[in-house]
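Q: I'd like to learn how to read helices and strands in a protein model. Can we go through a few together?

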Amino acid sequence: MQVISCNPRLFSLINRSTQHFNLRPFSSSSSSSAYSSQSRGGLPRFFSETLPTTKGGVVRVKGDEFWHMNKVLRLGIDDRVELFNGKGGLVEGRIESIDRSGVDFEAVENPKLVSPPTTQWHVFAAFSTLKGGRADWLVEKCTELGASSVTPLLTVRSQSISENRADRLQRVVLAAAKHVIYYDAAFFLHCQRLHEMILKPPIAVGELLPVVANSRLAFLAAAEATPVFNALSSLNKEPNGIIIIGPEGDFTEEEMNSLREAGAIAVGLGPHRLRVETATMALLSTVMLWSDCQEFASN
């Protein structure tokens, strides 16, 4: 049986770490505590590119968000909801009026601005060949976990992704940011993410190499590599980091060598061979928790 040696301090920090959500007034604060100040499980939340600038301000909500608000949740005049703009802005308000084309939303408080996490994690995963909704699931969970961006990675064994599929995945991102993880007896538990995750155009491995070379935190999921906790124990937090997941069948030896030579740190995710989406979740969850622990320890 393989035993993975992990840093006891890391697990101690994980056990000590707690989330306290305490939204701040609208400002440009960059602290991670502002990011963790999102409310949990509260009012229905909807996306709007434009938010009221002050208490009493009114904006129009139309399109898909109006349909979901009015036809799915059956909300009416004076019902309380929240609007977010995908850039950290959040405002609570009420439905002032409804007509056939949309609703008028009135802010009942000044908007708040929540800063993003201190480490921005960018995912490069070769998932274009995944079938049966597995790519949707990967993108959805990256959104929920807090990835800053997801980029489809084109490799010898994962060579293309259709434009229609990319459009569908963009809709998945928005749905995951604002709506249901699951529901029980009509109670909706929201992801409550306030910063949009960017779904970037596909790139080839060769185009990724300069990105890896310029990143101080670049992790490459690889079989039989140093366990990821061991690799993290000797590193410090950085403003940006990337994780790289290969396709079904893995990278070719040439691709793997080029990524390592560019500076990617090969890390192991345990003794078992994982699917693309499973490996992505395992590595992303690990580095997100590690970043959180680093922030917790420094405060």
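Here we talk through a pair of helices and then a strand with its partners.

A: Sure. Keep in mind that this is a predicted model.

Q: How do people describe two packed helices?

A: Two packed helices are described by the angle between their axes and by how far apart those axes lie. In our case, helix α4 (residues 134–145) packs against helix α9 (residues 276–298) at an angle of about 5 degrees, and the axes are 10 Å apart. Angles under 35 degrees count as roughly parallel, so α4 is roughly parallel to α9.

Q: Which residues of α4 and α9 make the contact?

A: On the α4 side they are R134, W137, L138, K141, C142 and L145, while α9 brings V276, E277, T280, M281, L284, S285 and M288. Sorted by class, that contact has eight nonpolar, two polar and three charged residues.

Q: What span should α4 have, and what do its end C-alpha atoms show?

A: With twelve residues at 1.5 Å a residue, α4 should span 16 Å, and its end C-alpha atoms agree because they are 16 Å apart. Just after α4 comes G146, with a positive phi of about 110 degrees.

Q: Now strands. How do side chains sit along one?

A: In a regular strand, side chains alternate between the two faces of the sheet. Take strand β14 (residues 240–245): five of its six residues are buried, so the rest of the structure largely encloses it.

Q: Which strands pair with β14?

A: Strand β7 (residues 120–125) runs parallel to β14, joined by six bridges, and V123 stands opposite I243. Strand β13 (residues 218–221) also pairs with β14 in the parallel sense, over three bridges; there, A218 has I242 as its bridge partner.

Conventions:
Residues numbered from 1 in each chain as written. Predicted model: local features only at pLDDT ≥ 70, side-chain atom pairs only at ≥ 80, totals over all residues. Heavy atoms only, no water. Axes fitted to C-alpha atoms, helices over the stretch in contact; angles between N-to-C directions. Helix = DSSP H or I, 4+ residues; strand = E, 2+ residues; numbered from the N terminus. Parallel < 35°, antiparallel > 145°, perpendicular 65-115°, else oblique. Contact = heavy atoms within 4.5 Å. Nonpolar A, V, L, I, M, F, W, Y, C, P; charged D, E, K, R; others polar. Expected span 1.5 Å × (residues − 1). Buried < 20%, exposed > 50% of the residue type's maximum accessible area, 1.4 Å probe, protein only. Pairing = 2+ DSSP bridges.
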